[in-house]
Amino acid sequence: MLHATLTAVQEAAMDLETAKNYLSLLGAGIGFGFSVLGAGIGIGLIGKGAAEGIARQPEAAGRIFNTGIILAAMIEGAALFGLVLAFLYKQL
C-alpha cells in the first residue's frame with residue numbers, strides 16, 4: 001500500500017481527489033496499526049500481571065483470571081473502536 005501511495009505521489013498529473021484517496025487509505029492503515037499495537041501491548045501486560053499475581057497468591061487464581069478476562073475484553077473493544085474510526089477516517 002505504501003509503494004502504491006509513493007508511486008501515485010510521484011506522478012505529476014494526479015488530481016486532488018486521487019491524492020486525498022491515497023492519503024486517506026494511508027492514514028486509515030496507520031491508525032488501525034496503532035490501535036492493534038496498543039491492544040497487543042495492553043493484553044500482554046494483563047497476561048504478565050495475571051501470571052505474577054497467580055504466582056504470588058495461588059489461592060486467588062480464579063478471581064485474577066476472571067478480572068484478566070474482563071480487562072482483555074475491554075481492550076479488544078477499544079481495538080475494534082480504533083478499527084471503526086480508521087474506516088470512518090478513510091471515508092472522509
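**View 1. Leu37 and the nonpolar surface patch of helix H2.** In this predicted model, Leu37 lies in helix H2, which spans residues 16-56; helices here are DSSP runs of H or I with at least four residues, numbered from the N terminus. Together with Ile30, Phe34, Ile41 and Leu45, Leu37 forms a nonpolar patch on the surface, and these residues have about 540 Å² of accessible area together. Accessible areas come from the Shrake-Rupley method with a 1.4 Å probe, and for residues only the protein chains shown count as cover. A patch of this kind joins nonpolar side chains (Val, Leu, Ile, Met, Phe, Trp, Tyr) within 5 Å, taken from residues with over 30% relative accessible area and no salt bridge.

**View 2. The salt bridge between Lys48 and Glu52.** A search of the whole structure finds one salt bridge, defined as a side-chain nitrogen of Lys or Arg within 4 Å of a carboxyl oxygen of Asp or Glu. The closest N and O atoms of Lys48 and Glu52 are 3.8 Å apart, and both residues lie in helix H2, four residues apart, about one turn of the helix.

**View 3. Confidence along the chain.** The mean pLDDT, the predictor's confidence in each residue from 0 to 100, is lowest in helix H1 (residues 2-10), at 66, and highest in helix H3 (residues 61-91), at 88. Where pLDDT is low, the predicted coordinates should not be read in detail.

**Notes.** Residues are numbered from 1 along each chain as its sequence is written, and side-chain values use heavy atoms, leaving out hydrogens and water. Local features need pLDDT of at least 70 and side-chain atom pairs count only at 80 or more, whereas totals for chains, interfaces and linings use all residues.

Methods. Patch = residues over 30% accessible without salt bridge, like charges linked within 9 Å, V, L, I, M, F, W, Y side chains within 5 Å. Helix = DSSP H or I, 4+ residues; strand = E, 2+ residues; numbered from the N terminus.
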